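Biologist: I'd like a close look at one part of this model, and then a walk outward from there. Could you keep it chatty and stick to what the atoms show?

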Amino acid sequence: MTRTRQLNRDVFISGLGLGILYYFFLRTEVLVFGGIYLSLCFFWEKLKVANHQFWMKLTRIIQSVTSPMLFGAIFVFALLPIGLLFQIFNKKESQEDSTFKDVDQTIDASFFEVPW
Amino acid sequence: MKIILGISGYFHDSAAAIIVEGKIMYAAQEERFTREKNTAVFPANAIKYCLKEAGISLHEVDAIVFSEKPFLKFERLLETYYNNVPKGIFSFLKAMPQWAEKKLMLRREVRSQLKKIDPTYKKQQKLLFASHHLSHAGSAFYPSPYQESAILTIDAVGEWATASIGKGNGQHIELLKEMSFPNSVGLLYSSFTYFLGFSVNEGEYKLMGLSPYGIEDAAETQRFIQIIKKELVEILTDGSIRLHRKYFTFEYGLRMVSDKKWTQLFGMSKRKPEEEITQSHCNLAFAIQHITEEIILKMAQTAKALTQSDNLCLAGGVALNCVANGKLHESGLFKNIWIQPAAGDAGGSIGAALAYYYVHHQRIIGEEQQFDTMSQAFLGPEISTSEVEVFSEKNSLKPRRFSNPEDRNQYVIKNVIKGKVIGWVQGRMEFGPRALGARSIIASPSYPDMQKKLNLSIKFREDFRPFAPVLLRQEALKYYGCSYASRYMQFVSKILPEHRLNLTLDYANDSLLDKLSTPRSKFQAITHVDFSSRLQVVEEESHPFYGLLQEMRQQSGDGILVNTSFNTSGEPIICNMKDAYQCFIKTNLDILVVGNYTFTKDHQ
């Protein structure tokens, strides 16, 4: 996506946000402010950039909160129980004379096709 | 014409390489362009450089090969977390967002990055994946001068493998044995790097340089060796190892080891980065270096037994341990040893591309191929004459231009002999961690305080760090008895006893600083405290150092110079004219030489 498109997209998101605010509060001030703000955005490049930066920062803040919550939940509710079962049923570390294992792998064209 | 683009990235040391009909044409590390050392970002600049120099667009590339298999790596991560829950939540929270965003969908991510580089790139083009250790093995064997060879790759960890033994024959590589995570020689060494206060993945050189300051016969050193063998690692007869995992936290933590347990074990706490280095730190460095050498030697013996080859090819980060390589050479186990100069993950880009190419094509090594197909590792960008002129004009600089290299060399050596330190930029940039004559800092090895001067006022790094010599074949033979090819600074050799100076009786027990200031040979700056040097032997007349060393011999009697990388501590080696000039200005370098142009600070 080009930078101009990104900036315009974020102005549109701001408009949408202000529209939602108006829908909930039905305050004329929101409508007036929104109208002036959006009009200025289209004529004043610097405001458009500031608007874009605002959304980027907000995204980062939201991500810094939601990401640990999401992955924390995955860890606790998925990884932890599976891991505990894994530890119960998985055999103990072997004490063989070597930790080298034979490699049973043919390196041909098909070997490179897959990311596993 | 078959053109293959090899890529390594997203994990460590990103790089790209272009192979044309099996020949390595262009290769560069991304860090040189982004100026972020060991960067893991997608190597967009390195790819752009390779494509531009090759004069092709991405759609003309026959295949793009990535040096790892991301799903296998992810499987290893998950299984490691399974094995360690409930520990590991912080590491999981740190690692997973990156995996979810980019690494897990690597095919899509790489394609979108390639599209950004070149809009002509088509999704239908082949995007392939080699495994990490196959990439290392490919980078070690295919450019080597051998038709058949044993292959040994040792590093921290790839997907699952941490070390592998293989055999190369003609165009075929067969991996025979693999050691798996968490048993890893690289991670064991990095654990000590961490405990001794250096940065992991970067400070391993420092640890290696520190080890000769340790006192081998000291009771403390022997105790450390015993503790490591008894408590931390079991070394099995074939060189494979078993780490005692209770002492290590790298599987699930944000640190390498349990600081508390290691403090109890060794009777000393983890060194802080700025803390003074004591004799105990040196002894511990000696102990782990000694053990690493023992492991590598045993692994090499197993490789020999499995392959019965006279040749050995080495790669992987641990293969950059030139002290261990020197011992391996001394052992006489293999007649010939060849080590990939970019043995770390950057070299994986070359190995992955070559491994794929040779699945379909015959590999022919001509009788005339005396060395290897690495083009002396000069695979990166070159600074052209016009670039120097444009830069000089733009910055109102007045460099001196020599009409021929002979006059330039004469001028440079005259100044080197006077004790001046020179920034030396010639031809194409090196691929790999070592400066080999294209982006180097050179000086006379004979000045007793040169090591200190270079470390403290030019490189801005720790005063104990040693410097390497670059020398002609005759000098290598005369001073080191070195008759083998050591083109890439990969082997450490000791100066012959007749060229050593007499030491005080108590030298072995001297402190680090006392040892450092004790005269050891007439080439004090490049003779480490144990009389060792990391040799770079120049044999070919086309080498950028050849004429310079001849001139040095003519003017001083010995064709030996100090050669260190053209950068300051923590920065990647310089790449272009701007980097070179900036480094020249901010350090105490006396002269900058770029091609036939010389810059001095008096005339700027």
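Between which strand and which helix of chain B is Pro182(B) found?

Modeller: Keep in mind that this is a predicted model. Pro182(B) is in the loop that runs from strand 8 (172-180) to helix 7 (185-195) of chain B. Look at the bond leading into Pro182(B): the peptide bond from Phe181(B) is cis, with omega near 5°. You'll find a cis peptide bond from Val85(B) to Pro86(B) as well, again with omega near 5°. Pro86(B) also belongs to a loop, the one between helix 3 (70-84) and helix 4 (89-103) of chain B.

Now follow helix 7 out at its far side. Asn201(B) is in the loop between helix 7 and helix 8 (204-210) of chain B. Its phi is near 75°, a positive value in a residue that isn't glycine. Asn201(B) is partly exposed, at 42% relative accessible area. Phe531(B) has a positive phi too, about 70°, and it isn't a glycine either. You'll see Phe531(B) in the loop between helix 18 (512-517) and strand 20 of chain B. Phe531(B) counts as buried because its relative accessible area is 10%, below the 20% cut-off.

Since we're at strand 20, let's go on to the salt bridges. There are 26 of them over all chains. In one of these, the side chains of Arg473(B) and Glu539(B) meet at 2.7 Å, N to O. That pair ties together distant parts of the chain: Arg473(B) is in helix 17, Glu539(B) is in the loop between strand 20 (532-538) and helix 19 (546-556), and 66 residues separate them. Arg473(B) is partly exposed, at 24%, and Glu539(B) is partly exposed with a relative accessibility of 24%.

Another bridge joins Lys586(B) to Glu571(B), with the closest N and O atoms 2.9 Å apart. This pair also links distant parts of the chain, 15 residues apart: Lys586(B) is in helix 20 (residues 577-586), and Glu571(B) sits in the loop between strand 21 (560-565) and helix 20. Lys586(B) is partly exposed at 44%, and Glu571(B) is partly exposed at 28%. Asp259(B) and Arg255(B) form a bridge as well, at 3.3 Å between their closest N and O atoms. There's also a salt-bridge network, made up of Lys206(B), Glu462(B) and Arg465(B).

Next, a couple of buried serines. Ser486(B) is in the loop between helix 17 (473-480) and strand 19 (491-494) of chain B. Ser486(B) is buried, with a relative accessible area of 1%, and its side chain reaches the backbone oxygen of Leu535(B) at 2.9 Å. Ser14(B) is buried as well, at 1%; its loop runs between strand 1 (3-8) and strand 2 (15-20) of chain B. A polar atom of the Ser14(B) side chain lies 3.3 Å from the backbone oxygen of Ala40(B).

If you want a whole buried element, try helix 6 (residues 132-141) of chain B, where 10 of its 10 residues are buried. Among them are three histidines, His132(B), His133(B) and His136(B), along with Phe141(B).

Finally, the surface. Lys87(B), Lys246(B), Lys260(B) and Lys261(B) come together as a positively charged surface patch. Lys261(B) is in helix 10 (residues 259-266) of chain B. Patch members need over 30% relative accessible area, so Lys261(B) qualifies at 35%, partly exposed. Further along chain B, Lys394(B) is in helix 14 (residues 385-394) and is exposed at 72%. Its C-alpha is 53 Å from that of Glu75(B), a residue 319 positions away along the chain.

Chain A has a patch of another kind: a nonpolar one of about 900 Å², whose members include Phe12(A), Leu16(A), Tyr23(A) and Phe25(A). Leu16(A) belongs to helix 1 (residues 3-25) of chain A. At 47% relative accessibility, Leu16(A) is partly exposed.

Terms used:
Residues are numbered from 1 along each chain as its sequence is written. Chains are lettered from A and ligands numbered from 1 in the order in which they are written. This is a predicted model: local features need pLDDT of at least 70, side-chain atom pairs count only at pLDDT 80 or more; totals for chains, interfaces and linings use all residues. Side-chain values use heavy atoms; hydrogens and water are left out. Patches are made of residues with over 30% relative accessible area and no salt bridge: like charges are joined within 9 Å, nonpolar side chains (Val, Leu, Ile, Met, Phe, Trp, Tyr) within 5 Å. Accessible areas come from the Shrake-Rupley method with a 1.4 Å probe; for residues, only the protein chains shown count as cover. A salt bridge is a side-chain nitrogen of Lys or Arg within 4 Å of a carboxyl oxygen of Asp or Glu. Lys and Arg count as positive and Asp and Glu as negative; His and the chain ends are not counted. The place of a charge is taken as NZ of Lys, CZ of Arg, CG of Asp or CD of Glu. Helices (H or I, at least four residues) and strands (E, at least two) are DSSP runs, numbered from the N terminus. Buried means under 20% relative accessible area, exposed over 50%, partly exposed in between (1.4 Å probe, protein chains only). A polar contact is a pair of N or O atoms within 3.5 Å; within protein, one must be able to donate a hydrogen and the other to accept it, and residues adjacent in sequence count only if both atoms are side-chain atoms.
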